[in-house]
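Reader: I am new to this structure, and I would like to understand the reasons behind the words used for it. Could you take me through them?

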Amino acid sequence: MAEKLSEYRRKRDFQRTTEPSDGGRPNAAQPIYVIQRHDASTLHYDVRLEIDGVLVSWAVPKGPPEQPGQRHLAVPTEDHPLSYADFAGRIPKGEYGAGTVEIWDRGTYRNLRAEIEGEEPVSMADTLAEGKIEVYLQGQKLDGRYAFIRMANSDDDEPQWLMLKMKDDDGGRDTG
Ligand code: MN
């Protein structure tokens, strides 16, 4: 995991910020997600999914989409340590991400692509690599199916993603 967090660490001075440099235990029973409202130079929501020992992260300027079929731009950001799921507070002026962080929602998720009847289960690591994540987020605010889809870009652009609220009849437990 250490190498996954090198970008995270490089961007921060842990003498100055109270953000964690490492830590957090993998959640064996059910992986977690957290959404942090980050009032930085521009307000956004950081959506983070636990995948293989780190929090894979996107900055979603508009926050999670509310209506089925609605999609919001999600800009990938560096992996964060699992312990970041507990972080709230103020990142000092001049530091990376300066501003306030609040935990907006948190909970657990299920990998829906591991649950499709008659299909080979796909691991979260593989759904991430493919750019097609489908999860059921069950938290204090959110309770439903969401997808994270990587969009095709021209070669010289950073790939962008969309966070999409899936329709309830896209299969699975909450039909009808
Ligand atoms: Mn942020």
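Author: What follows is a set of questions on the terms used for this predicted model, each answered with its value and its cut-off.

Reader: What makes H38, H44 and D46 the residues that coordinate the manganese ion?

Author: Atoms of H38 (ND1), H44 (NE2) and D46 (OD) lie at 2.2 to 2.3 Å from the manganese ion, and a nitrogen or oxygen atom is a donor when it is within 2.8 Å of such a metal, so these atoms count as donors. Along the chain, the donors of the manganese ion follow the spacing H-x5-H-x1-D.

Reader: Why is H38 called buried, and why is D46 called buried?

Author: Buried means under 20% relative accessible area; H38 has 7% and is therefore buried, and D46, with 6%, is therefore buried as well.

Reader: How do you know that E7 and K11 form a salt bridge?

Author: The side chains of E7 and K11 meet at 3.0 Å, N to O, and the cut-off is 4 Å between a side-chain nitrogen of Lys or Arg and a carboxyl oxygen of Asp or Glu, so the pair qualifies. K11 also forms a salt bridge with E78, where the closest N and O atoms are 3.4 Å apart. That second pair links distant parts of the chain, with K11 in the loop between helix 1 and strand 1, E78 in strand 4, and their positions 67 residues apart. E7, K11 and E78 belong to a network of salt bridges that also includes R12 and E19.

Reader: Why is K11 called partly exposed, and why is E78 called buried?

Author: Partly exposed covers the values between the 20% limit for buried and the 50% limit for exposed; K11 has a relative accessible area of 27% and is therefore partly exposed, whereas E78, at 5%, is under the lower limit and is therefore buried.

Reader: What makes strand 7 and strand 8 a pair?

Author: Two strands pair if there are at least two bridges between them, and seven bridges join strand 7 to strand 8, so the condition is met. These strands run antiparallel, and they form a hairpin with three residues between them. E134 stands opposite A147 in strand 8.

Reader: How do you know that K132 and E134 form a salt bridge?

Author: The closest N and O atoms of K132 and E134 are 3.8 Å apart, which is within the 4 Å cut-off, and the pair therefore counts as a salt bridge. K132 is partly exposed at 37% relative accessibility, whereas E134 is buried at 15%.

Key. Residues numbered from 1 in each chain as written. Predicted model: local features only at pLDDT ≥ 70, side-chain atom pairs only at ≥ 80, totals over all residues. Heavy atoms only, no water. Donors = N, O, S within 2.8 Å, 3.2 Å for Na, K, Ca; no water. Buried < 20%, exposed > 50% of the residue type's maximum accessible area, 1.4 Å probe, protein only. Helix = DSSP H or I, 4+ residues; strand = E, 2+ residues; numbered from the N terminus.
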